[in-house]
Amino acid sequence: MSRYLTAALYKFVDLPDFATLREPLLAACEGHQVKGTLLLACEGINGTIAGPEAGVRAVLAHLRADPRLATLQHKEAWASRPPFLRMKVRLKKEIVTLQVPGLDPNKTVGQYVKPQAWDALLADPDLLLIDTRNDYEVAIGTFKGAINPSIKTFTELPAWLDAQPALQGDKKPRVAMFCTGGIRCEKSTALLKMRGFDEVYHLEGGILKYLEEIPPAQSSWEGECFVFDERVSVGHGLRPGPHELCRSCRWPLADADKASPHYVKGVSCPHCHDQRTPEEKAGLAERQRQVELAEARGEVHVGARMPEHEPPH
């Protein structure tokens, strides 16, 4: 059975010529049968790619050949089938969108906390622990005692922070933040530093690094961690979790969700059943029928994969 290497990566670094990097990078990916999505911006690079191991490592070498990306780090995972259908290299204003003018994680950022020291930090009863991920991610797992901002997109976080009484006033509390892989916290902690907070911490390597290194018996993590590939969720040791993805709204579904009368495979779930017109549901049902026919023939149908989105973390 073929094995596919997945590499998730990001780096904040000044890339004023980022637009000129696109075509050579796309050619390197396509030349090595690597697929996924990479974002380039003046502030750096972010994305996830997958393909044959030799191909992925060749693309990583291509990136690190640029002296500005020589220290680029990545996280690896393996899959038995291709996680992505196509390769995209996109030019963006930000590699993770927060829309705060003047914010630069290359200049100021919170203090990194390694996974092995994270739980000791969380033991402080006066610490404010904030989950910076979107609502559907938090719904299936988070750290014990974490505050859920209930945001649908990262751009909603600054307004949520503005509305929290505990974060206002002259006396600034200690704040710790976390996200899936670390990239959101580069910006969210930089934002708090810009607003005058001195003691701001974030989990180095994100939840994924914590789950990879910390055993369940010593962990304060509860539930599963949503991931943006065909695994949908992972637990300790990065083992694949029990969740499946609603192909209509991308909400991660547990067994209880799939037992709901509102769940129709490929068409709707309890979270989106009332958000689709009959015509839209009919189109989704036809797509699901084509997916199942393709699978029966041993073929790949575009609808069989996760709906495309940009790397978040």
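Which residues in α1 meet Val 59, His 62 and Leu 63 in α2? Select Pro 24, Leu 25, Ala 28 and Cys 29, and you have the α1 side of that contact. Sorted by class, the contact of α1 with α2 has six nonpolar residues, one polar residue and no charged ones. Keep in mind as you click around that this is a predicted model.

**Stop 1: the α1 and α2 pair**

Now show the two helices whole: α1 covers residues 18-31 and α2 covers residues 53-64. In general, a packed pair of helices is described by the angle between the axes and the distance between them. Here the axes lie 9 Å apart, and the packing angle is about 160°. Over 145 degrees counts as roughly antiparallel, so that is the label for α1 and α2. Their crossing is right-handed.

**Stop 2: the five-stranded sheet**

Next, bring up the strands. Five of them make an open sheet, and if you walk across you pass β4, β1, β3, β2 and β5 in that order. The pairing in this sheet is mixed. As a reminder, sheet strands pair through backbone hydrogen bonds, in either a parallel or an antiparallel way.

Colour residues 74-79 and 87-91 to pick out β4 and β5, the edge strands. Each has a single partner strand, so one side of each has no neighbour in the sheet. From one strand to the next, the twist averages 10°.

**Stop 3: β1 and its neighbours**

Select residues 4-12 to get β1. On one side, β1 pairs with β4 in the antiparallel sense, over six bridges. To see this residue by residue, click Thr 6, whose bridge partner in β4 is Ala 77. Then try Leu 9, which has His 74 as its bridge partner in β4.

β1 also pairs with β3, again in the antiparallel sense, this time over eight bridges. Pick Lys 11 and look across to β3, where Ile 45 stands opposite.

Is β1 buried or exposed? Eight of its nine residues are buried, so β1 is largely enclosed by the rest of the structure.

What packs on this sheet? Turn α2 back on: α2 touches β1, β3 (44-51) and β4. The direction of α2 makes about 15° with that of β1. Then add residues 183-194, which are helix α6. This helix packs on the sheet too, touching β1 and β3, and its direction makes about 15° with that of β1.

**Stop 4: the four-stranded sheet**

Keep α6 on screen and move to another open sheet, this one of four strands in the order β6-β10-β9-β7. Its pairing is parallel. The edge strands are β6 (111-113) and β7 (128-131), and each pairs on one side only. The twist here averages 30° from one strand to the next.

Zoom in on β10, residues 200-203. With β6, β10 pairs in the parallel sense over three bridges. Click Tyr 112 and you should find His 202 as its bridge partner in β10. Why keep α6 visible? α6 packs on this sheet, where it touches β6, β9 (175-178) and β10. Its direction makes about 175° with that of β10.

Stay on β10 a little longer. Gln 111 stands opposite Tyr 201 of this strand, and Tyr 201 is also the bridge partner of Ala 176. Between β9 and β10 the pairing is parallel, over three bridges.

Which residues of β10 are buried on its two faces? Val 200 and His 202 are on one side, Tyr 201 and Leu 203 are on the other, and all are buried. Both faces of β10 are covered.

**Stop 5: α3 against α7**

For the last view, select residues 115-122 for α3 and 206-213 for α7. Their axes come within 9 Å and cross at roughly 105°. That makes α3 roughly perpendicular to α7.

Show side chains for Pro 115, Gln 116, Trp 118 and Asp 119 on α3, and for Lys 209, Tyr 210 and Glu 213 on α7; these make the contact. By class, the residues of this contact split into three nonpolar, one polar and three charged.

Methods:
Residues are numbered from 1 along each chain as its sequence is written. This is a predicted model: local features need pLDDT of at least 70, side-chain atom pairs count only at pLDDT 80 or more; totals for chains, interfaces and linings use all residues. Side-chain values use heavy atoms; hydrogens and water are left out. Axes are lines fitted to C-alpha atoms, for helices over the stretch in contact, and angles run from 0 to 180 degrees between N-to-C directions. Angles under 35 degrees count as roughly parallel, over 145 as roughly antiparallel, 65 to 115 as roughly perpendicular and the rest as oblique. A crossing is left-handed if the near helix is turned anticlockwise from the far one by less than a right angle, and right-handed if clockwise. Contact means heavy atoms within 4.5 Å. Ala, Val, Leu, Ile, Met, Phe, Trp, Tyr, Cys and Pro count as nonpolar, Asp, Glu, Lys and Arg as charged, and the others, Gly among them, as polar. Two strands pair if DSSP finds at least two bridges between them. Buried means under 20% relative accessible area, exposed over 50%, partly exposed in between (1.4 Å probe, protein chains only).
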